[in-house]
Amino acid sequence: MKALVYHGPGKKQLDEMPKPALREATDAIVRMTRTTICGTDLHILKGDVATVAAGRILGHEGTGVIDEVGAGVSHFRKGDRVLISCITACGKCDYCRRGMPSHCESGGWILGNTIDGTQAEFVRIPFADTSLYPIPATVDEDAMVMLSDILPTGYECGVLNGAVKPGDTVALVGAGPVGLSALLTMQFFTPAKIIVIDLDDNRLEVAKKFGATATINSTDGKAVEKVMAMTDGKGVDVAIEAVGVAATFELCQEIIGAGGHIANIGVHGTGVTLHLEKLWSQNITITTRLVDAVTTPLLLKTVVAGKLKPLQLITHHFALKDILKAYDTFGNAGRERALKVILTND
Ligand SMILES: NC(=O)c1ccc[n+]([C@@H]2O[C@H](COP(=O)([O-])OP(=O)(O)OC[C@H]3O[C@@H](n4cnc5c(N)ncnc54)[C@H](O)[C@@H]3O)[C@@H](O)[C@H]2O)c1
Ligand SMILES: [Zn+2]
Ligand SMILES: [Zn+2]
């Protein structure tokens, strides 16, 4: 089968790889029908994610059709259309039982990380019963792909951890697909002001259409003064970091108001200075989280009801065999005006 393989920092190839086979009774083999590329895949290619070894098939998002199930899988059978969660959950370990499957003792974020992922014609999904979801007949399959990772990530790591409340002023730093997912889902809670900060004017335009009340292009280095001017010098109630570089986490520390929450979403490959000399007295809460994808069923209900519209996050379509072109488009999102790209394997 064809698969996108990581060959060390900066190196990727579309390779011919063996089709995966069942290993455990709880596994399923899924024939991929849709997959996509995540900002995290770009971090992996930068060498930011040390757990990914050369030779790994990348990808942790997508939908497909069950090709084969192990004897221990009871919830799915051959031919079922499924959503693949980016988080593999055994459902039984201590972490899974307390609602934190991101740290599942035999799962967590393993797809396209420590086991082969979804940017391929087939993928092996461990603990299929608790790591896949059936696709409702009424939901567009492209829309479903947004539920594998980015919508639960924006919602759980950004909106819920940031404790967005009605009337809040929220700063969202980073208007990539994950940041925009936080933007869409924070509006469940009716914040009063949403200030979106990015370097890319196209993404800021999109943010306005998605509900931002103000946008700041921070290329000129003046984002802090601008946010302070917009908040009567007080700073924001919630600052969500959705980039994953030191500068944007530092920005969140500078614009957070007293009693505020800084919710980090970004994957960081290098250290960031924590400014406790300023923040110690400010009653700040800082949260970090690897997405648990425990809100997928809730988010799916909002999609089915038409309250959340994931299709607007998708800008480009490619065939799976053209995935290198898709990486080029997603990796040059500014130039290409790209948000999420869908790869189809029909
Ligand atoms: N915590 C988790 O579980 C989890 C899950 C998925 C993704 N992520 C991470 O979330 C982050 C966002 O993902 P994405 O897919 O939206 O990525 P992306 O690369 O598409 O988006 C990042 C955005 O940040 C902007 N940006 C870059 N540098 C900036 C700067 N200095 N100031 C302001 N804006 C800047 C870019 O223009 C871009 O719009 C990534 O770090 C990704 O790895 C985390
Ligand atoms: Zn991801
Ligand atoms: Zn577990």
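**Exercise 1. Is A293 buried or exposed, at 4% relative accessibility?**

Solution. A quick note before we start: this is a predicted model, and everything below is read from it.

Step 1: recall the cut-off, since buried means under 20% relative accessible area. Step 2: A293 comes in at 4% relative accessibility, so it counts as buried. Step 3: place the residue, which lies in the loop between β13 and α11 (296-304). Step 4: look at the backbone, where A293 has a positive phi of about 55° although it is not a glycine.

**Exercise 2. Run the same check on T190: is it buried or exposed?**

Solution. Step 1: the bar for exposed is over 50%. Step 2: T190 has 53% relative accessibility, so it counts as exposed. Step 3: its location is the loop between α6 and β9. Step 4: its phi is positive too, at about 55°, and T190 is not a glycine.

**Exercise 3. Work out the order of the six strands in the open sheet, and find its edges.**

Solution. Step 1: list the pairs around the middle. Strand β8 (residues 169-173) pairs with β11 in the parallel sense, over four bridges. On to strand β12 (residues 256-264): five bridges join it to β11, again running parallel. Three bridges then join β12 to β13, and these two run parallel as well.

Step 2: write the whole order, which is β10-β9-β8-β11-β12-β13, with parallel pairing. Step 3: pick out the edges. They are β10 (214-217) and β13 (285-287), each of which pairs on one side only. Step 4: add the twist, which averages 15° from one strand to the next.

Step 5: fix the register with a few residues. A239 in β11 stands opposite A171, and in β12 the bridge partner of A239 is I262. Between β11 and β12 the chain passes through helix α9 (residues 246-255), and this β-α-β crossover is right-handed. For the β13 side, use H261, which stands opposite T285.

**Exercise 4. Explain why strand β11 (residues 236-241) is largely enclosed by the rest of the structure, and say which helices touch it.**

Solution. Step 1: count burial along the strand. Five of the six residues of β11 are buried, so the strand is largely enclosed by the rest of the structure. Step 2: look at helix α6 (residues 177-186), which lies across β8, β9 (193-198) and β11 and runs at about 160° to β8. Step 3: turn to α9, which packs on the sheet and touches β8, β9, β11, β12 and β13. The direction of α9 makes about 160° with that of β12.

**Exercise 5. Describe the surroundings of P177.**

Solution. Step 1: P177 is found in helix α6. Step 2: its relative accessible area is 7%, so P177 is buried. Step 3: leave aside the neighbours within four places in sequence; P177 is then in contact with I150, R203, L313, F330, L339 and K340. Step 4: take one of these, I150. It sits 27 residues from P177 along the chain, with 6.7 Å between the two C-alpha atoms.

**Exercise 6. Which residues coordinate the zinc ion (ligand 2), and what does the site tie together?**

Solution. Step 1: the donors are C38 (SG), H60 (NE2) and D149 (OD), at 1.7 to 2.2 Å. Step 2: their spacing in sequence is C-x21-H-x88-D. Step 3: find the loops. H60 lies between α1 (39-46) and β4 (62-69), and D149 between α4 (141-145) and α5 (150-160), so this pair ties together parts that are 89 residues apart in sequence. Step 4: check accessibility, and both H60 and D149 are buried.

**Exercise 7. Why is the arrangement around the zinc ion (ligand 3) called tetrahedral?**

Solution. Step 1: name the protein donors, which are C90 (SG), C93 (SG), C96 (SG) and C104 (SG), lying 2.3 to 2.4 Å from the ion. Step 2: the test for four donors is that all angles lie between 85 and 135 degrees. Step 3: the four donor atoms subtend angles of 102 to 117°, so the arrangement is tetrahedral.

Step 4: along the chain, the donors follow the spacing C-x2-C-x2-C-x7-C. C90 is in the loop between β5 (81-84) and α2 (94-97), while C104 is in the loop between α2 and β6 (122-125), 14 residues apart. Step 5: check burial. C90 is buried, with a relative accessible area of 12%, and C104 counts as buried at 6% relative accessibility.

How values were computed:
Residues numbered from 1 in each chain as written. Chains lettered and ligands numbered in written order. Predicted model: local features only at pLDDT ≥ 70, side-chain atom pairs only at ≥ 80, totals over all residues. Heavy atoms only, no water. Buried < 20%, exposed > 50% of the residue type's maximum accessible area, 1.4 Å probe, protein only. Pairing = 2+ DSSP bridges. Right-handed = clockwise from strand over helix to strand, strands pointing away. Donors = N, O, S within 2.8 Å, 3.2 Å for Na, K, Ca; no water. Axes fitted to C-alpha atoms, helices over the stretch in contact; angles between N-to-C directions. Contact = heavy atoms within 4.5 Å. Tetrahedral: all angles 85-135°; square planar, octahedral: opposite > 155°, others 65-115°.
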